Amino acid sequence: MKKILVVCTGNRCRSQMAHGILQSLAPTLTVCSAGTRPATEVHPLGIKVMAEIGIDISQHYPKSIEQYLDEPWDFVITVCGGAKESCPVFVGQVGQRLHIGFDDPDAFKGSEEEVLPEFRRVRDEIRARMTEFYNTKMKE
């Protein structure tokens with residue numbers, strides 16, 4: 001069984017969405033997500049846009065990468081996208097490290113009606129790239 005760790009800074013949006021999408025593609029995978037500086041909660045709009053595609057991440061919560069450092073992973077995927085933030089470097093035992101970056105939907109400001117389309121866009125990009133990753137790397 002393959003083990004995948006998805007890493008971001010806050011473990012609030014992108015890594016949580018990627019976690020949910022990967023788990024939905026193959027429930028037999030072990031998928032975890034973590035942050036270098038975990039937030040206090042998963043972004044409510046992240047939960048909302050994932051529910052729109054039938055994936056429930058409402059029970060997810062931000063976790064620190066520290067709790068996963070001693071575990072071996074087949075893949076560690078960093079998803080931090082913007083130049084304004086630095087992606088963490090995972091130092092544990094890893095088969096393959098990948099960076100698949102996305103814009104941070106939490107960085108968009110405005111009303112829910114203004115920000116929601118950005119969350120959907122990022123979710124759809126994550127779904128496309130994680131499906132591509134799964135179809136290429138998990139089938140090898």
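1. Let's start with V115. This residue has a relative accessibility of 6% and therefore counts as buried, the cut-off being under 20%. V115 has its place in helix α3, which covers residues 112-137. A contact to look up in the viewer is the one with L45: the two residues are 70 apart in sequence, while their C-alpha atoms are 8.7 Å apart in space.

2. A word on confidence, since this is a predicted model. The average pLDDT of the protein is 90, and 90% of the residues score at least 70. Among the elements, helix α2 (residues 44-52) has the highest mean pLDDT, at 98, and strand β4 (residues 94-102) has the lowest, at 90.

3. Next, have a look at strand β1, residues 3-8, which pairs with β2 in the parallel sense over 6 bridges. If you would like to trace this pairing by eye, two positions will help: K3 has T30 as its bridge partner in β2, and L5 stands opposite C32 in β2. Between the two strands, the chain runs from β1 through helix α1 (residues 14-25) to β2, making a β-α-β crossover that is right-handed.

4. β1 has another partner too. With strand β3 (residues 73-80), β1 pairs in the parallel sense over 4 bridges. Here V7 is a handy marker, as the bridge partner of V7 in β3 is T78.

5. How covered are these strands? In β1, 5 of the 6 residues are buried, so this strand is mostly covered. Strand β2 (residues 30-35) also has 5 of its 6 residues buried, and is therefore largely enclosed by the rest of the structure.

6. Now to the loop between β1 and α1, where you will find G10. The relative accessible area of G10 is 18%, so this glycine is buried by the cut-off of under 20%. For a sense of distance across the model, G10 and D74 are 64 residues apart in sequence and 22 Å apart in space, C-alpha to C-alpha.

7. N11 also sits in the loop between β1 and α1, and its backbone deserves a glance. N11 is not a glycine, yet it has a positive phi of about 55°. Is N11 buried or exposed? Its relative accessibility is 0%, so N11 counts as buried.

8. Finally, the largest pocket, which holds about 150 Å³ of space. Its lining is made up of 12 residues, and those closest to the centre are T9, G10, R12, R14 and D104. G10 is thus a residue to revisit: it belongs to the loop between β1 and α1 and is also on that list of residues closest to the pocket centre. What is the make-up of the lining in nonpolar, polar and charged residues? The lining divides into 6 charged, 3 polar and 3 nonpolar residues.

Terms used:
Residues numbered from 1 in each chain as written. Predicted model: local features only at pLDDT ≥ 70, side-chain atom pairs only at ≥ 80, totals over all residues. Heavy atoms only, no water. Buried < 20%, exposed > 50% of the residue type's maximum accessible area, 1.4 Å probe, protein only. Pairing = 2+ DSSP bridges. Right-handed = clockwise from strand over helix to strand, strands pointing away. pLDDT = per-residue confidence, 0-100. 1 Å grid on protein atoms, 1.4 Å probe; cavity = no way out; pocket = protein on both sides within 12 Å on 5 of 7 lines; lining within 4 Å. Points joined across faces, edges and corners; volume = space filled by probe spheres on them. Nonpolar A, V, L, I, M, F, W, Y, C, P; charged D, E, K, R; others polar.
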